[in-house]
Amino acid sequence: MANLSNVKLNDGLQVPVLGYGTGTALYQKEAKDSVKMAYSEAHMHHIDCAEMYANEESVGQAIKELGVKRDDVFLTTKCGSADPRKSLEKSLKLLGVDQVDLYLIHSPELVKETGLGKSWQIMEELQKEGKTKSIGVSNYRVSDLEEVLKVAKVVPSVNQIEVHPYVYSKAQSLLDFCHSKGIHIESYGPLSTLIRAPGGPVDPVVKNIAQELGATEGQVLLKWAHQITHGGIVLTTSSKKERLEEQIKAFTEIKDLSDEQVQAIAEAGKQKLHRVFMQHMDS
Ligand SMILES: NC(=O)c1ccc[n+]([C@@H]2O[C@H](COP(=O)([O-])OP(=O)(O)OC[C@H]3O[C@@H](n4cnc5c(N)ncnc54)[C@H](O)[C@@H]3O)[C@@H](O)[C@H]2O)c1
Ligand SMILES: OCCc1c[nH]c2ccccc12
């Protein structure tokens with residue numbers, strides 16, 4: 001199987017373009033066996049965790065049992081409290097590692113009382129201390145990022161947000177803003193039009209493009225999220241090996257969508273709004 005390519009962040013860190021999520025379907029579930037399978041059988045070496053998913057200990061056990069070198073796995077986790085230092089120290093213990101590759105604030109709502117600027121300064125200290133290689137945010141709107149950038153010495157490396165055609169009209173200005181500041185997008189929920197809101201205006205467009213490319217509809221949606229975010233990182237998940245292989249192949253075997261195909265999906269997506277997570281993004 002061909003190797004997945006990397007995306008280079010604004011701090012130089014290389015991140016595998018496709019990440020294996022341990023939220024949603026695996027939320028609060030023992031993630032050990034799924035992570036081991038994803039790593040060893042489907043070559044998913046980028047794992048997306050969060051304090052809020054309540055399964056970091058089982059992800060840590062998976063890494064230990066896989067016996068892989070620390071550098072051979074790209075590990076992200078997210079702060080689920082108002083105190084990034086306390087949260088990261090707890091996550092490192094549960095994951096059984098000294099450092100994560102990427103640490104994110106899960107939502108601006110969590111750090112309101114600490115302050116978006118102050119909490120970002122704590123993130124910068126954690127990076128300096130070597131507890132994380134890279135620092136970023138998740139579910140930040142343009143106004144939240146502007147508040148961070150007022151005090152930031154380090155520009156967030158990523159903003160992890162919901163990206164699929166039914167949030168595109170709402171996300172467009174945020175995507176443009178992040179692109180202009182060198183903040184990479186990590187897309188979550190990329191399969192939502194297919195699995196969470198089927199029967200909508202995007203389905204026939206995606207189906208046609210899938211036929212044209214000899215791809216599955218899921219593969220087209222993963223590629224769309226990557227391409228509409230200027231070559232961003234995409235997060236998905238499954239506990240089925242066959243599905244993971246299909247997802248990886250989207251980035252190793254399927255050719256890129258043409259600009260016209262990307263735009264056709266975007267236009268169809270604008271006809272409907274369906275946000276699955278983090279409703280504050282529309283306020
Ligand atoms: N930062 C955040 O607030 C946030 C929010 C949601 C998710 N995430 C992260 O992103 C990861 C991925 O998000 P997601 O789970 O929404 O991604 P997704 O939209 O790709 O959905 C994955 C789901 O689709 C199912 N699936 C996969 N392939 C399929 C196929 N071909 N046909 C039908 N169903 C299929 C899987 O079983 C899984 O339940 C999460 O696990 C988590 O790590 C972060
Ligand atoms: O990552 C945000 C979505 C999500 C998935 N599982 C969760 C558990 C707790 C809080 C948020 C989430």
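The following is an exchange about the two ligands and the nonpolar core of a predicted model.

Trainee: Which residues touch the most other members of the largest nonpolar core?

Mentor: The largest nonpolar core holds 84 residues. Within that core, two residues touch the most other members: Val 59 and Trp 224.

Trainee: Leaving aside neighbours within four places in sequence, which residues are in contact with Trp 224?

Mentor: Contact here requires heavy atoms within 4.5 Å. With the neighbours within four places in sequence set aside, the partners of Trp 224 include Val 163, His 164, Pro 165 and Tyr 168. The others on the list are Leu 257, Val 262, Ile 265 and Ala 266.

Trainee: How much of the area that ligand 1 exposes when taken alone does the protein bury?

Mentor: There are 27 residues around ligand 1, and Thr 24, Asp 48, Asn 139, Gln 160 and Thr 236 come nearest. An oxygen atom of ligand 1 is 2.9 Å from an N or O atom in the side chain of Arg 196, and a nitrogen atom of ligand 1 lies 2.9 Å from a polar side-chain atom of Ser 138. Pro 190 takes part through a polar backbone atom, 3.3 Å from an oxygen atom of ligand 1. Taken alone, ligand 1 exposes 850 Å², and the protein buries 88% of that.

Trainee: Which residue has a side-chain N or O atom 2.5 Å from an oxygen atom of ligand 2?

Mentor: The residues around ligand 2 are Thr 24, Tyr 27, Met 52, Tyr 53, His 106, Phe 277 and Met 278. For His 106, the distance from a side-chain N or O atom to an oxygen atom of ligand 2 is 2.8 Å. The residue at 2.5 Å is Tyr 53.

Trainee: Where does ligand 2 sit?

Mentor: Ligand 2 exposes 310 Å² when taken alone, of which the protein buries 79%. The space that ligand 2 takes is the largest pocket.

Technical notes
Residues are numbered from 1 along each chain as its sequence is written. Chains are lettered from A and ligands numbered from 1 in the order in which they are written. This is a predicted model: local features need pLDDT of at least 70, side-chain atom pairs count only at pLDDT 80 or more; totals for chains, interfaces and linings use all residues. Side-chain values use heavy atoms; hydrogens and water are left out. A nonpolar core is a set of buried Ala, Val, Leu, Ile, Met, Phe, Trp, Tyr and Cys residues joined through side-chain atoms within 4.5 Å. Buried means under 20% relative accessible area, exposed over 50%, partly exposed in between (1.4 Å probe, protein chains only). A residue is near a molecule or strand if one of its heavy atoms lies within 4 Å of it. A polar contact is a pair of N or O atoms within 3.5 Å; within protein, one must be able to donate a hydrogen and the other to accept it, and residues adjacent in sequence count only if both atoms are side-chain atoms. Accessible areas come from the Shrake-Rupley method with a 1.4 Å probe; for residues, only the protein chains shown count as cover. On a 1 Å grid over the protein atoms alone, a cavity is a set of points where a 1.4 Å probe fits but cannot get out, and a pocket is an open set with protein on both sides within 12 Å along at least five of seven lines; lining residues have an atom within 4 Å of a point. A molecule sits in a cavity or pocket if more than half of its atoms lie within 2 Å of its grid points.
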